[in-house]
Amino acid sequence: MKTLLFLNGPEGWQSGIEDGFVHLRDIGEISELSWFYFEAFAKNNNTKDSILKMLELVNEFQPKLIIFFHVGKFPISIDFITNIKQCGSKPKLVYDEGDMYGGWAKPITKSMKILFSNSDIVSIRGLGKWYKTIKKYNNNVVYTPHSNSLYRISKDKELKTEKKYRFIFIGNKVTSYFGKIRRLNGSKEREKIVRVIADNFPNQIKIFGKGWNGIKGYQGLLDFNKQVDVCLNSWVQISYEHYPKIPLYFSDRLPIALSSGQIYVCHYHDGYENMFINTDFIYFYKDKNELLDILVYLNSLSEEQLYNKSIRAKEWCEINLSPLTVWSNLYNAIKKRYDSI
């Protein structure tokens, strides 16, 4: 199936998506593949020219499948979608939304609503309330977890038997936009957890991200592409994912950590036990007391025991959450439904 991807962000930013679909082309699942970074083109030119370029690409390439990725506030119109669907190849349209919206903090944009309503399939990262929200716009919704977006960097890295840090935390302190409102769901709880681990493990914890000034172990900002190096040099990553009430949601930080051979300790979301079955390298806590118990246990293990868990983490992630697996699963779900949509 000839496939065209409309990718968000700077040129080359979505390397994991690129890798996943190149794999599908290389194994013969996709006959021809092309992609276009619509936001990058708009930044270097203008939005109108980017939209015209997308229409030009559709008419030249004549894809059977078009996948849009996270449009945000990029101005998508119904006329634009109609023109795409009316090209000679009559492509099916899929919208993949990798971010979490809804509520006051991050309202769903007009462009997102148009794509939710006018796509043949919508792919999302979480279920529960978020799934029900999307179902109001489209009945054909599939779950696609985050994959290792730094796959190119981590895939060939060898795991270390000796590491610099025992525990790390990577994540920003997210504050409100206006006083005490419009704060991301889970931000307040994340802040509490960071303070708990810093107070209880001041000599073992290193904290990376924005806004943690004054907290023990704070190391400052960490460039996104440098995460793998930090992960490879630490045994355990502690996390508090945003949107704690959204079932099966996690950010790409989880697969990046596992693929780098880290043991991952994260706040529980409904459904995790159904995804992470028989795994001894990922731990979930529901409150600070459970977290502290987990960390005391992990701190008691030898480096040999930690290393064995590290190996299993990487192996599991390569099978289950690499971009090759995750995007193949989405593509197969699309193929299964293709004739009926």
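Me: Where does Asn 278 lie?
Reply: In this predicted model, Asn 278 lies in the loop between α11 (272-275) and β12 (282-285).

Me: Is Asn 278 buried or exposed?
Reply: Exposed. Its relative accessibility is 80%, and exposed means over 50%.

Me: What is phi of Asn 278 near?
Reply: Phi of Asn 278 is near 55°. That is a positive value in a residue other than glycine.

Me: Why point that out?
Reply: Most residues other than glycine have a negative phi.

Me: OK, on to Leu 248. What is its phi?
Reply: About 60°, so to speak of another positive phi outside glycine is fair.

Me: Where is the place of Leu 248?
Reply: Leu 248 sits in the loop between β10 (234-239) and α10.

Me: Buried or exposed for Leu 248?
Reply: Leu 248 counts as buried, at 15% relative accessibility. The cut-off for buried is under 20%.

Me: What comes after α10? Which residue is found in the loop between α10 and β11?
Reply: Ser 260 is found there, between α10 (253-259) and β11 (263-267). Ser 260 has 1% relative accessibility, so it counts as buried.

Me: What does the side chain of Ser 260 reach?
Reply: It reaches the backbone oxygen of Ile 256, at 2.8 Å.

Me: New topic: pockets. What volume does the largest pocket have?
Reply: About 1400 Å³.

Me: How many residues line the largest pocket, and which lie nearest its centre?
Reply: The lining has 43 residues. Nearest the centre are Trp 13, Asp 99, His 146, Phe 224 and Asp 252.

Me: Which elements give two or more residues to that lining?
Reply: α1 (15-26) and α7 (151-154) do. α1 gives the most, with three residues.

Me: How do the lining residues of the largest pocket divide?
Reply: There are 16 nonpolar, 18 polar and nine charged residues in the lining.

Me: Now helix α13. How many residues has it, and how far does it reach?
Reply: α13 covers residues 303-320, which is 18 residues. From first C-alpha to last it reaches 25 Å, close to the 26 Å expected at 1.5 Å a residue.

Me: Which residues are buried in α13?
Reply: Leu 306, Lys 309, Ser 310, Ala 313, Lys 314, Trp 316 and Cys 317.

Me: Why do they line one face of the helix?
Reply: Seen down the axis of α13, the buried residues fall within an arc of 170°, so they line one face. In general, an α-helix has 3.6 residues a turn, so residues three or four places apart point the same way.

Me: And which residues are exposed on the other side of α13?
Reply: Glu 304 and Ile 319 are exposed there.

How values were computed. Residues numbered from 1 in each chain as written. Predicted model: local features only at pLDDT ≥ 70, side-chain atom pairs only at ≥ 80, totals over all residues. Heavy atoms only, no water. 1 Å grid on protein atoms, 1.4 Å probe; cavity = no way out; pocket = protein on both sides within 12 Å on 5 of 7 lines; lining within 4 Å. Points joined across faces, edges and corners; volume = space filled by probe spheres on them. Helix = DSSP H or I, 4+ residues; strand = E, 2+ residues; numbered from the N terminus. Nonpolar A, V, L, I, M, F, W, Y, C, P; charged D, E, K, R; others polar. Expected span 1.5 Å × (residues − 1). Buried < 20%, exposed > 50% of the residue type's maximum accessible area, 1.4 Å probe, protein only. Arc of directions from axis to C-beta. Polar contact = N/O pair within 3.5 Å; in protein donor to acceptor, adjacent residues only side chain to side chain.
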